[in-house]
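Let's walk through this model together, strand by strand and ring by ring. Keep the structure open as you read, and turn it whenever a new element comes up.

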Amino acid sequence: MAAPSESGGGAGRWAALLLAAVALRTAAAVSEPTTVAFDVRPGGVVHSFSQDVGPGGRYACAFTYAAQGGTNEQWQMSLGTSEDHQHFTCTIWRPQGKSYLYFTQFKAEVRGAQIEYGMAYSKAAFERESDVPLKSEEFEVTKTSVAHRPGAFKAELSKLVIVAKASHSEL
């Protein structure tokens, strides 16, 4: 699991973050998620796909990438908010489990919230297969993005998961 880049921490902090992420995912399931299909295109050119969610498009998730090899692949972006609209989730993935494209870069960014949990996977769960996370040195999580680490990312990507909390709450 990865968390926003900060020094320090420990096993207790990671466990607490994991529990919070599970609780947030459960809370996010209360609202109807929005799922949109889009094509991930090879060719080495930088492409971007984004979607808004929440009242008045309060939150946004954008996926920016460059990939090589093969042909277009159909991917999906799912967004959902908690019942109180204070948390939202953004999941970007290839429903067939594994992408056959060679990603030279990726970045998933959120607007209107700060990331509390972010994870990237080289393989998404499909049939009897489980998610396979990237090694922690291959990507980084900040307050607003999950992105590849140049020189360390091994070009395999099939899924990104973000759980974020509202940047500020209204009184």
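A good place to begin is an open sheet of six strands, which follow the order β1-β4-β5-β11-β7-β8 with antiparallel pairing. Its edges are held by β1 and β8 (132-133); each has a single partner strand, so one side of each is left without a neighbour in the sheet. At the β1 edge, seven bridges connect β1 with strand β4 (residues 73-81), and the two run antiparallel. If you would like one position to look at here, find Asp-39, which stands opposite Gln-74 in β4.

Before going further, a word on confidence. What you are viewing is a predicted model, with a mean pLDDT of 85 over the chain and 80% of its residues at 70 or more. Residues 1-30 are another matter, as pLDDT stays under 50 there. The model does have 40 contacts beyond four places in sequence for that stretch, but please be careful with them: where pLDDT is low, the predicted coordinates should not be read in detail.

Now turn to another open sheet, this one made of five strands in the order β2-β3-β6-β10-β9, again with antiparallel pairing. Here β2 (47-53) and β9 (139-141) are the edge strands, each pairing on one side only. On average, and ignoring direction, neighbouring strands of this sheet are turned by 15 degrees against each other. Within the sheet, nine bridges join β3 and β6 in the antiparallel sense. One residue to pick out is Thr-64, whose bridge partner in β6 is Lys-107.

Lys-107 also leads us on to His-148: the C-alpha atoms of these two residues are 6.6 Å apart, although 41 residues separate them along the chain. His-148 belongs to strand β10 (residues 145-148). Is His-148 buried or exposed? Its relative accessibility is 16%, so His-148 counts as buried, the cut-off being under 20%. Setting aside neighbours within four places in sequence, His-148 is in contact with Thr-104, Gln-105, Phe-106, Glu-138, Phe-139 and Phe-153.

With the strands in place, let's look at the rings. How many aromatic pairs does the whole structure contain? A search finds eight. One of them joins Phe-38 and Phe-63, an edge-to-face pair with 6.2 Å from centre to centre and 65 degrees between the planes. Because Phe-38 lies in strand β1 (residues 34-40) and Phe-63 in strand β3 (residues 59-68), this pair ties together parts that are 25 residues apart in sequence. Phe-38 and Phe-63 are both buried.

Another pair brings together Tyr-65 and Phe-103. Their ring centres are 6.1 Å apart and their planes stand at 65 degrees, so this pair is edge-to-face, given that angles over 60 degrees count as such. Tyr-65 sits in strand β3 and Phe-103 in strand β6 (residues 102-111), 38 residues apart, so to speak a link between distant parts of the chain. Tyr-65 is buried at 1% relative accessibility, and Phe-103 is buried too, with a relative accessible area of 1%.

These rings belong to a wider group: Phe-38, Phe-49, Phe-63, Tyr-65, Trp-75 and Phe-103 form one aromatic cluster.

To finish, visit one more ring, that of Tyr-121. The charged end of Lys-159 sits over this ring, 5.4 Å from its centre.

Terms used: Residues numbered from 1 in each chain as written. Predicted model: local features only at pLDDT ≥ 70, side-chain atom pairs only at ≥ 80, totals over all residues. Heavy atoms only, no water. Phe/Tyr/Trp six-rings, centres within 6.5 Å; stacked < 30°, edge-to-face > 60°. Helix = DSSP H or I, 4+ residues; strand = E, 2+ residues; numbered from the N terminus. Buried < 20%, exposed > 50% of the residue type's maximum accessible area, 1.4 Å probe, protein only. Lys NZ or Arg CZ within 6 Å of the ring centre and 35° of its normal. Contact = heavy atoms within 4.5 Å. Pairing = 2+ DSSP bridges. Axes fitted to C-alpha atoms, helices over the stretch in contact; angles between N-to-C directions. pLDDT = per-residue confidence, 0-100.
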